[in-house]
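Work through these exercises with the model open beside you. Each task is followed by a solution in steps.

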Amino acid sequence: MKNPDNFPFEYILFDLDETLYPKEAGLMAAIHERMLLYMVHKLKIPADDVADKQRDYYQRYGTTLKGIMTEYKIDPLDYLAFVHDVFPGDFLGVSPPLARMLEEMPLRKVVFTNSYALHAERVLDVLQVRAHFDRIIDICALDYVCKPDPASYQKVVDWLGVSGKQCIIVDDAPRNLFPAKDLGMTTILVAGEKSSSAIDHAVPTIFHVERVVRSLLPHGRNLS
Ligand SMILES: [Mg+2]
């Protein structure tokens with residue numbers, strides 16, 4: 001789909017987990033369960049402490065992995081393979097409405113995820129939307145400095161060769177939108193409330209993003 005003239009945006013950056021599919025699918029809950037298992041079995045953290053530790057790492061370091069990497073000597077790829085040892089097809093199915101929405105959106109599409117590329121590929125394959133994305137930027141590409149660290153957003157726009165103003169970002173975590181807004185991106189929160197001026201638009205599901213993008217088009221232009 002050609003980018004219409006005078007349309008100020010070039011890219012739309014999509015978070016993966018619980019953005020392109022709903023939280024209710026249960027996939028992230030299963031991954032979260034494996035994060036705790038990893039901490040008990042590989043790091044020997046007492047089972048009673050792991051939930052608090054994991055929450056603490058997530059809040060202090062941005063991701064559980066970053067916390068573990070800072071406090072333990074681990075192989076991050078071993079961790080990523082362990083926690084993502086779940087089959088997305090057990091939780092998700094093909095999504096023709098998502099494919100149609102992506103197809104009609106006149107923007108280049110990128111997955112920008114704190115997960116890792118193999119997991120992202122599996123999810124996109126199950127949803128059958130992989131072909132709509134130019135690239136996947138994952139935690140490994142970002143050298144484990146990921147959302148919401150402002151450096152990760154700067155890297156993304158540098159790699160894409162655009163300014164923040166030329167990007168729309170879609171994420172289910174408000175904290176991941178704040179640094180994006182600082183960089184000039186237009187922010188869309190999925191499945192959340194518009195609790196901050198840094199959130200330009202809040203929509204109930206991924207399917208409502210289409211209406212927002214349509215509203216951003218130059219007056220009188222259609223999506224297709
Ligand atoms: Mg997410």
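Donors are N, O and S atoms within 2.8 Å of the metal, and water is not among the atoms, so a site may look incomplete. Keep in mind that this is a predicted model.

**Exercise 1. The metal site**

Task: Find which protein atoms are donors of the magnesium ion, and work out which parts of the chain Asp15 and Asp172 tie together.

Solution:
- Step 1. Start with the donors. Asp15 (OD), Asp17 (O) and Asp172 (OD) serve the magnesium ion, at 2.1 to 2.2 Å from it.
- Step 2. Write the spacing along the chain. The donors follow D-x1-D-x154-D.
- Step 3. Place two of them. Asp15 sits in the loop between β1 (11–14) and α1, and Asp172 in the loop between β4 (167–171) and α8, so the pair ties together parts 157 residues apart in sequence.
- Step 4. Check accessibility. Buried means under 20% relative accessible area, exposed over 50%, and partly exposed in between. Asp15 has 8%, so Asp15 is buried. Asp172 has 24%, so Asp172 is partly exposed.

**Exercise 2. The largest pocket**

Task: Describe the largest pocket by its volume, its lining residues and the class of those residues.

Solution:
- Step 1. Take the volume. The largest pocket holds about 730 Å³ of space.
- Step 2. Locate the centre. The lining has 29 residues, and Asp17, Glu18, Met28, Met35 and Tyr58 are the closest to the centre. Asp17 is also a donor of the magnesium ion, through its O atom.
- Step 3. List the elements. Those giving two or more residues to the lining are α1 (27–41), α2 (47–61), α3 (64–71), α4 (76–83) and α8 (174–182). The most come from α1, with four residues.
- Step 4. Assign domains. Domain 1 (11–21 + 92–216) and domain 2 (27–88) each supply at least three residues to this lining.
- Step 5. Sort by class. The lining divides into eleven nonpolar, ten polar and eight charged residues.

**Exercise 3. The second largest pocket**

Task: Do likewise for the second largest pocket, then follow Glu24 in its lining.

Solution:
- Step 1. The volume is about 280 Å³.
- Step 2. The lining has 19 residues, and Thr19, Tyr21, Pro22, Lys23 and Glu24 are the closest to the centre.
- Step 3. By class, eleven of the lining residues are nonpolar, four polar and four charged.
- Step 4. Turn to Glu24. Glu24 is in the loop between β1 and α1. Its relative accessible area is 68%, so Glu24 is exposed.
- Step 5. Relate Glu24 to Phe91. They are 67 residues apart along the chain, and their C-alpha atoms are separated by 9.3 Å.

**Exercise 4. Backbone exceptions**

Task: Find where the cis peptide bond is, and place Lys44 and Tyr144.

Solution:
- Step 1. Recall the usual case. Most residues other than glycine have a negative phi, and most peptide bonds are trans.
- Step 2. Look at Lys147 and Pro148. A cis peptide bond joins them, with omega about 5 degrees. Pro148 lies in the loop between β3 (135–137) and α7 (150–160).
- Step 3. Look at Tyr144. The loop between β3 and α7 holds Tyr144 as well. Its phi is positive, near 70 degrees. With a relative accessible area of 12%, Tyr144 is buried.
- Step 4. Look at Lys44. Phi is positive here too, about 60 degrees. Lys44 lies in the loop between α1 and α2. At 64% relative accessible area, Lys44 is exposed.

**Exercise 5. Two glutamates in helices**

Task: Is Glu210 buried or exposed, and which side chain does it contact? Then place Glu104.

Solution:
- Step 1. Glu210 belongs to helix α9 (residues 209–216).
- Step 2. Its relative accessibility is 9%, so Glu210 counts as buried.
- Step 3. The Glu210 side chain makes a polar contact with the side chain of Arg100, at 3.3 Å.
- Step 4. Glu104 is in helix α5 (residues 96–104). At 21% relative accessibility, Glu104 is partly exposed.
- Step 5. Set Glu104 against Glu33. The two are 71 residues apart along the chain, with C-alpha atoms separated by 36 Å.

Note on methods:
Residues numbered from 1 in each chain as written. Predicted model: local features only at pLDDT ≥ 70, side-chain atom pairs only at ≥ 80, totals over all residues. Heavy atoms only, no water. 1 Å grid on protein atoms, 1.4 Å probe; cavity = no way out; pocket = protein on both sides within 12 Å on 5 of 7 lines; lining within 4 Å. Points joined across faces, edges and corners; volume = space filled by probe spheres on them. Nonpolar A, V, L, I, M, F, W, Y, C, P; charged D, E, K, R; others polar. Domains from an automatic or database assignment. Donors = N, O, S within 2.8 Å, 3.2 Å for Na, K, Ca; no water. Buried < 20%, exposed > 50% of the residue type's maximum accessible area, 1.4 Å probe, protein only. Polar contact = N/O pair within 3.5 Å; in protein donor to acceptor, adjacent residues only side chain to side chain.
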